[in-house]
Amino acid sequence: MEFQVSNAEQTQALAQKLATYLKPQDLILLDGDLGAGKTTFTKGLAKGLGIKKNVKSPTFTLIREYHEGRLPLYHMDVYRLEDTGGADLGLEEYFDGEGVSVVEWSQFVADELPAQYLVVKLLKDETDDDKRTLVFEPHGARYEQLIANL
């Protein structure tokens, strides 16, 4: 499923709507170039979960946790694990926990991922820096239903 958005606010609104359908242990993988809107998307998810705290990129901390919403949100940026992987991070504790996990640059921890998840690809428009195409790719029945609800 694809969505065209014209600005950051539309990206956040789409993510906010998705958040209303999320359950504990849901896993969303965000793929896209630098500046594609991965953290912007996560801000919308947080808002949809009722998290009021400002969401920032976890680039230097790897994982930021937000607990004040309807569900906890675990926002991970594993770009820095390109050479090492995530075997020693205990990511399964997050994936099997009570919250929603969002992973940016998931290809660097591919061996640690469960079999089912939702990939959201954020593709920049070549002619308009504000426009994006968001491609939703469900992996597993849970995520197929999630996209059907969306």
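Biologist: How many salt bridges does a search of the whole structure find?
Modeller: Two, and keep in mind that this is a predicted model. The search for salt bridges covered the whole structure. In one of them, the side chains of Arg142 and Asp26 meet, at 2.6 Å from N to O.

Biologist: Where do Arg142 and Asp26 lie?
Modeller: Arg142 is in helix 4, while Asp26 is in the loop between helix 1 and strand 2, so the pair ties together parts that are 116 residues apart in sequence.

Biologist: Why would those two side chains pair up at all?
Modeller: In general, side chains of opposite charge can pair when their charged atoms come close.

Biologist: OK, and is Asp26 buried or exposed?
Modeller: Asp26 is buried, with a relative accessible area of 3%. Its partner Arg142 counts as partly exposed, at 21% relative accessibility.

Biologist: Which side chains meet in the salt bridge with 3.2 Å from N to O?
Modeller: Those of Lys121 and Glu137. That pair also links distant parts of the chain, with Lys121 in strand 6 and Glu137 in strand 7, 16 residues apart. Lys121 is partly exposed at 30% relative accessibility, and Glu137 is partly exposed as well, at 26%.

Biologist: Back to helix 4 for a sec. Which of its residues are buried?
Modeller: Helix 4 covers residues 141-149, and Tyr143, Leu146 and Ile147 are buried there. Looking down the helix axis, the buried residues fall within an arc of 95°, so they line one face of helix 4.

Biologist: Why does spacing along a helix matter for that?
Modeller: An α-helix has 3.6 residues a turn, so residues three or four places apart point the same way.

Biologist: And what does the face turned away from the buried side carry?
Modeller: That face of helix 4 has the exposed residues Ala141 and Ala148.

Biologist: What do the buried residues of helix 4 pack against?
Modeller: They pack against helix 1 (8-19), strand 2 (27-31), strand 6 (117-124) and strand 7 (132-139).

Biologist: Can we zoom out? How many helices and strands are in the chain?
Modeller: Four helices and seven strands. From the N terminus, the order is β-α-β-α-β-β-α-β-β-β-α.

Biologist: What share of the chain is buried?
Modeller: Buried residues make up 47% of the 150 residues. The chain exposes about 7,800 Å², and carbon and sulfur atoms supply 45% of that area.

Biologist: What about contacts between residues at least 24 apart?
Modeller: Take the contacts in the chain between residues at least 6 apart in sequence: 63% of them join residues at least 24 apart.

Biologist: Switching to strand 4. How many of its residues are buried?
Modeller: Five of the five, so strand 4 is largely enclosed by the rest of the structure. Leu73, His75 and Asp77 point one way from the strand, and Tyr74 and Met76 point the other way.

Biologist: Which way does strand 3 run against strand 4, parallel or antiparallel?
Modeller: Strand 3 (residues 63-66) and strand 4 run antiparallel, joined by four bridges. One bridge partnership is Arg64 with His75 in strand 4. A hairpin of six residues connects strand 3 to strand 4.

Biologist: And strand 5, how does it pair with strand 4?
Modeller: Strand 5 (residues 100-104) pairs with strand 4 in the parallel sense, over five bridges. Leu73 stands opposite Val100 in strand 5.

Biologist: You mentioned Tyr74. Which aromatic pair does it form?
Modeller: The search of the whole structure finds three aromatic pairs. Tyr74 and Tyr94 form one that is edge-to-face, 4.9 Å centre to centre with 70° between the planes. The pair links distant parts of the chain, with Tyr74 in strand 4 (residues 73-77) and Tyr94 in helix 3 (residues 91-95), 20 residues apart. Tyr74 is buried at 9% relative accessible area, and Tyr94 is buried at 18%.

Biologist: Which residues do ring pairs link into a cluster?
Modeller: Phe3, Phe41 and Phe136.

Biologist: Last one: what's odd about the phi of Gln25?
Modeller: Gln25 has a positive phi of about 75° although it isn't a glycine. Gln25 sits in the loop between helix 1 and strand 2 and is partly exposed, at 41% relative accessibility. Trp105 has a positive phi too, about 65°, and isn't a glycine either. Trp105 is in the loop between strand 5 and strand 6, and counts as buried at 13% relative accessibility.

Note on methods: Residues numbered from 1 in each chain as written. Predicted model: local features only at pLDDT ≥ 70, side-chain atom pairs only at ≥ 80, totals over all residues. Heavy atoms only, no water. Helix = DSSP H or I, 4+ residues; strand = E, 2+ residues; numbered from the N terminus. Buried < 20%, exposed > 50% of the residue type's maximum accessible area, 1.4 Å probe, protein only. Contact = heavy atoms within 4.5 Å. Areas by Shrake-Rupley, 256 points an atom, 1.4 Å probe, with all protein chains shown as cover. Arc of directions from axis to C-beta. Phe/Tyr/Trp six-rings, centres within 6.5 Å; stacked < 30°, edge-to-face > 60°. Salt bridge = Lys/Arg side-chain N within 4 Å of Asp/Glu carboxyl O. Pairing = 2+ DSSP bridges.
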